[in-house]
Amino acid sequence: MTWWKRTGRSDRLKVAPADRRPAGAIDGGKRFNTSQSLTAQARSEEAITDLAPLSAWADGAREWLFSGWELREHLDRKAEAQRRARETDELERLLRAAADSLHQTSVRSLIEKSIQARPGARSRPRKQQLWFDRD
């Protein structure tokens, strides 16, 4: 049994306490908003857009830890989230314009179908190849 299951903690990257090390000195002066991915709002936005966090550490892909994949993945996710938001906004605009209940029901079913058809964090198309794509 892993420590986060045993202790009931929810560490998103699943790094065990024994493996944690201080980050050390960070150059660049004053730091603002150092950890925006841990806020409740960010977690709820991830749940809505179905872009769950990926962790090379949790998957045991040690060679990927310092490869710089996170920035490329972050930019791809931003673009994907914006595309999904535009798609949802268009469907919601159609829903507001629907005059009768039958039309509204059909647009609601389109919205549900659009959300269910979204690929998950690991299966969505991406520009880069990651550690779980090797097989």
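**Exercise 1. Determine the pattern that the protein chain follows along the sequence.**

Solution. In this predicted model, the pattern of the protein chain, read along the sequence, is α-α-α-α. The count of secondary structure elements is accordingly four helices and zero strands. Two further values describe the chain. Of its 135 residues, 25% count as buried. Among contacts with a separation of 6 or more, 66% join residues 24 or more positions apart.

**Exercise 2. Classify the arrangement of helices α3 and α4, and state which residues make their contact.**

Solution. Step one concerns the axes: those of α3 and α4 come within 9 Å and cross at roughly 170°. Step two applies the cut-off: angles over 145 degrees count as roughly antiparallel. Therefore α3 is roughly antiparallel to α4.

Step three lists the residues. Helix α3 contributes E87, L91, E92, L94 and L95, while α4 contributes Q104, V107, R108, L110, I111 and S114. Step four sorts this contact by class: six residues are nonpolar, two are polar and three are charged.

**Exercise 3. Establish whether L95 counts as buried or exposed, and identify which residues L95 touches.**

Solution. L95 is placed in helix α3. Its relative accessibility is 19%, and buried means under 20%; L95 therefore counts as buried. Leaving aside residues up to four places away in sequence, L95 touches Q104, V107, R108 and I111. A distance completes the description: L95 and T105 are 10 residues apart along the chain, and their C-alpha atoms are separated by 8.6 Å.

**Exercise 4. Classify the pair formed by the rings of W69 and W131, and locate both residues.**

Solution. A pair of aromatic rings is described by the distance of the centres and the angle of the planes. The structure holds three aromatic pairs. For W69 and W131, the ring centres are 4.8 Å apart and the planes stand at 70°, so the pair is edge-to-face. The cut-off used here is that planes over 60 degrees apart count as edge-to-face.

The next step is location. W69 belongs to helix α3, which spans residues 69–97, whereas W131 lies in the segment after α4, a helix of residues 101–116. With the two positions 62 residues apart, the pair links distant parts of the chain. Both W69 and W131 are buried. Together with W64 and F132, the two residues form one aromatic cluster.

**Exercise 5. Identify which arginine residues lie over aromatic rings.**

Solution. The ring of F132, a member of the aromatic cluster, has the charged end of R122 over it, 4.6 Å from the ring centre. R62 lies over the face of W57, and here the distance from the ring centre is 4.3 Å.

**Exercise 6. Describe where G60 lies and whether G60 is buried or partly exposed.**

Solution. G60 is found in the loop between α2, residues 40–49, and α3. The relative accessible area of G60 is 42%. Since buried means under 20% and exposed over 50%, G60 is partly exposed. The last step relates G60 to W131: the two are 71 residues apart in sequence, and their C-alpha atoms are 9.5 Å apart in space.

Conventions:
Residues numbered from 1 in each chain as written. Predicted model: local features only at pLDDT ≥ 70, side-chain atom pairs only at ≥ 80, totals over all residues. Heavy atoms only, no water. Phe/Tyr/Trp six-rings, centres within 6.5 Å; stacked < 30°, edge-to-face > 60°. Buried < 20%, exposed > 50% of the residue type's maximum accessible area, 1.4 Å probe, protein only. Lys NZ or Arg CZ within 6 Å of the ring centre and 35° of its normal. Axes fitted to C-alpha atoms, helices over the stretch in contact; angles between N-to-C directions. Parallel < 35°, antiparallel > 145°, perpendicular 65-115°, else oblique. Contact = heavy atoms within 4.5 Å. Nonpolar A, V, L, I, M, F, W, Y, C, P; charged D, E, K, R; others polar.
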